[in-house]
Amino acid sequence: MRLEKIGLDNLVVSLNGVREDTHDSSRGVKGSYSRIMSILPKFRNYNIKINLETIIMQTNLDEILPLAELAREHCLYGISYQVLADVKAH
């Protein structure tokens, strides 16, 4: 893989849900969930660590644990969760 040849060893993939409608609506891009899910299996053959990154929101609270299970099922390196906070919280 060309990315591996140039030295890429870690890649972060943003995924906000295990359901297509959850992810696509949170990103505002129809079809992005399908594209992400189609590339994840392809990285198994390469020495690139894939990490999921998820923003925790009201709309995906019930998908937090299933996202961790998805990461494990796809043999990903890990998953990171970020909380979507009100901008006035800072």
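**Exercise 1. The two sides of H4**

Work out which residues of H4 are exposed on the side away from its buried ones, and say what covers those buried ones.

*Solution.*
- Step 1: On that other side of H4, you'll find Leu65, Arg72 and Glu73 exposed. Exposed means over 50% relative accessible area, buried under 20%, and partly exposed in between, with a 1.4 Å probe and protein chains only.
- Step 2: A quick word on the coordinates: this is a predicted model, where local features need pLDDT of at least 70, side-chain atom pairs count only at pLDDT 80 or more, and totals for chains, interfaces and linings use all residues. Numbering starts from 1 along each chain as its sequence is written, and side-chain values use heavy atoms, with hydrogens and water left out.
- Step 3: The buried residues of H4 are Ile64, Leu67, Leu70 and Ala71. They line one face of the helix, because down the axis of H4 they fall within an arc of 110 degrees; the arc is taken over the directions from the helix axis to the C-beta atoms.
- Step 4: The general geometry helps here: an α-helix has 3.6 residues a turn, so residues three or four places apart point the same way.
- Step 5: The cover over the buried residues of H4 includes H3, E2 and E3. Helices here are DSSP runs (H or I, at least four residues), strands are runs of E (at least two), and both are numbered from the N terminus.
- Step 6: Glu69 is in H4 too, and it comes out as partly exposed at 39% relative accessibility. Its C-alpha is 9.9 Å from that of Ile79, 10 residues away along the chain.

**Exercise 2. Just past H4**

What is the sign of phi at Cys75, and about how big is the angle?

*Solution.*
- Step 1: Cys75 comes just after H4, in the loop that leads from H4 to strand E3 (78-83).
- Step 2: Its phi is near 55 degrees, a positive value in a residue other than glycine.
- Step 3: For background, most residues other than glycine have a negative phi.
- Step 4: Cys75 is exposed, at a relative accessible area of 61%.

**Exercise 3. H3 and Ser32**

Find the residues of H3 that are buried, then track down the polar partner of the Ser32 side chain.

*Solution.*
- Step 1: H3 spans residues 32-39, and its buried members are Ser32, Tyr33, Ile36 and Met37.
- Step 2: Looking down the axis of H3, these fall within an arc of 130 degrees, so they line one face of the helix.
- Step 3: E1, H2 and H4 are among the elements that cover them.
- Step 4: Ser32 has a relative accessible area of 10%, so it counts as buried. Leaving out residues up to four places away in sequence, Ser32 touches His23, Asp24 and Arg27; a contact means heavy atoms within 4.5 Å.
- Step 5: The polar partner is the side chain of Asp24, at 3.0 Å. A polar contact is a pair of N or O atoms within 3.5 Å; within protein, one must be able to donate a hydrogen and the other to accept it, and residues adjacent in sequence count only if both atoms are side-chain atoms.

**Exercise 4. Two loop residues**

Is Asn16 buried or exposed, and how far is its C-alpha from that of Leu61?

*Solution.*
- Step 1: Asn16 sits in the loop between strand E1 (10-14) and helix H2 (20-27). At 2% relative accessibility, it is buried.
- Step 2: Beyond four places in sequence, its neighbours in contact include Thr22, His23, Glu53, Ile55 and Leu67.
- Step 3: A polar atom of the Asn16 side chain lies 3.1 Å from the backbone nitrogen of Ile55.
- Step 4: Leu61 is in the loop between strand E2 (49-56) and helix H4 (64-73). Leu61 is partly exposed, with 46% relative accessible area.
- Step 5: The C-alpha atoms of Leu61 and Asn16 are 9.8 Å apart, with the two residues 45 apart in sequence.

**Exercise 5. The whole chain**

In what order do the elements run from the N terminus, and what share of the residues is buried?

*Solution.*
- Step 1: There are four helices and three strands, in the order α-β-α-α-β-α-β.
- Step 2: Of the 90 residues, 32% are buried.
- Step 3: Among contacts with a separation of 6 or more, 67% come from residues 24 or more positions apart.
- Step 4: The C-alpha atoms fill a box of roughly 45 × 30 × 25 Å along the principal axes.
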